[in-house]
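Me: I'm new to reading protein structures and would like to work through one with you. Could you take my questions one at a time?

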Amino acid sequence: MGNFQELKVWNKAKDLAVFIYKITEHGPISKDYGLRDQVRRSAVSIPSNIAEGDELDSDRQSIKFFYIAKGSSAEFLTQSIIAHEIAYLSDHHFDQILKESKVISSMLTRLIGARSKKKV
C-alpha cells in the first residue's frame, strides 16, 4: 500500500486517461462539450480512485476505492459505447478503449480479491 505509481492497474488506467484526452481533442466529440467532458472525467476517475485507495491506511478502505474505480470504468465504457454509436469515436479507437477497459476491470477484480484475502 502507499505506492500506487507502481501498480500496473494504475499505470494502465492512467495511460487510458491520457489516450482519451488526446483522442477527444479533435473530431466531432471535441465539439460536444458535455459528452467529451464526461468521458474525460470518468476516464480520469479510474486511476484517481486507484491512487486514493492505495494511499489509505487499511485494505478495507482501499477496497472501497477500488470498487469505485471499477464503477468508473463501467461508466467510462458506457460513455465510450455511446460516443462510438453516434460516430464520435472511430472503430479503431473504440476497439482500443474496449480492450483496455476490460483489462483494467479484470485487474481491479484481482486487486480487490488480493486485498480482501489479506489479514487486516
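Me: Which residue forms a salt bridge with K12?
Reply: Happy to help, and keep in mind that this is a predicted model. In the salt bridge of K12, the closest N and O atoms are 3.2 Å apart, which is inside the 4 Å limit for such a pair. The partner is E100.

Me: How many residues apart in sequence are the parts that K12 and E100 tie together?
Reply: Start with where each one sits: K12 is in helix α1, and E100 is in helix α4. Because the two partners belong to these two helices, their pair links parts of the chain separated in sequence by 88 residues.

Me: Is K12 buried, partly exposed or exposed?
Reply: Buried would need a relative accessible area under 20%, and exposed one over 50%. K12 has 30% relative accessibility, so it falls between those cut-offs and counts as partly exposed.

Me: How many salt bridges does a search of the whole structure find?
Reply: Let's meet two others before the total. D15 and K14 join through their side chains at 2.7 Å, N to O, while D54 and R115 do so at 2.6 Å. For the whole structure, the number found is five.

Me: Which residue is linked with D54 and R115 in a network of salt bridges?
Reply: D54 and R115 are both buried. D54 lies in helix α2 and R115 in helix α4, so their pair ties together parts 61 residues apart in sequence. The other member of their network is D59.

Me: Which helix gives the most residues to the largest nonpolar core?
Reply: This core has 28 residues, and V9, I20, I50 and F76 touch the most other members. Helices α1, α2, α3 and α4 each supply at least two of its residues. The top contributor, with eight residues, is α1.

Me: Is S101 buried or exposed?
Reply: S101 is found in helix α4. Leaving out residues up to four places away in sequence, S101 touches L16, S73, F76 and L77. Its relative accessibility is 3%, and since the cut-off is under 20%, S101 counts as buried.

Me: Is the aromatic pair of F4 and W10 stacked, tilted or edge-to-face?
Reply: The structure holds one aromatic pair, and the ring centres of F4 and W10 are 5.1 Å apart. Their planes make an angle of 70 degrees. Because an angle over 60 degrees sets the class, this pair is edge-to-face.

Note on methods:
Residues numbered from 1 in each chain as written. Predicted model: local features only at pLDDT ≥ 70, side-chain atom pairs only at ≥ 80, totals over all residues. Heavy atoms only, no water. Phe/Tyr/Trp six-rings, centres within 6.5 Å; stacked < 30°, edge-to-face > 60°. Core = buried A, V, L, I, M, F, W, Y, C linked by side-chain atoms within 4.5 Å. Buried < 20%, exposed > 50% of the residue type's maximum accessible area, 1.4 Å probe, protein only. Helix = DSSP H or I, 4+ residues; strand = E, 2+ residues; numbered from the N terminus. Contact = heavy atoms within 4.5 Å.
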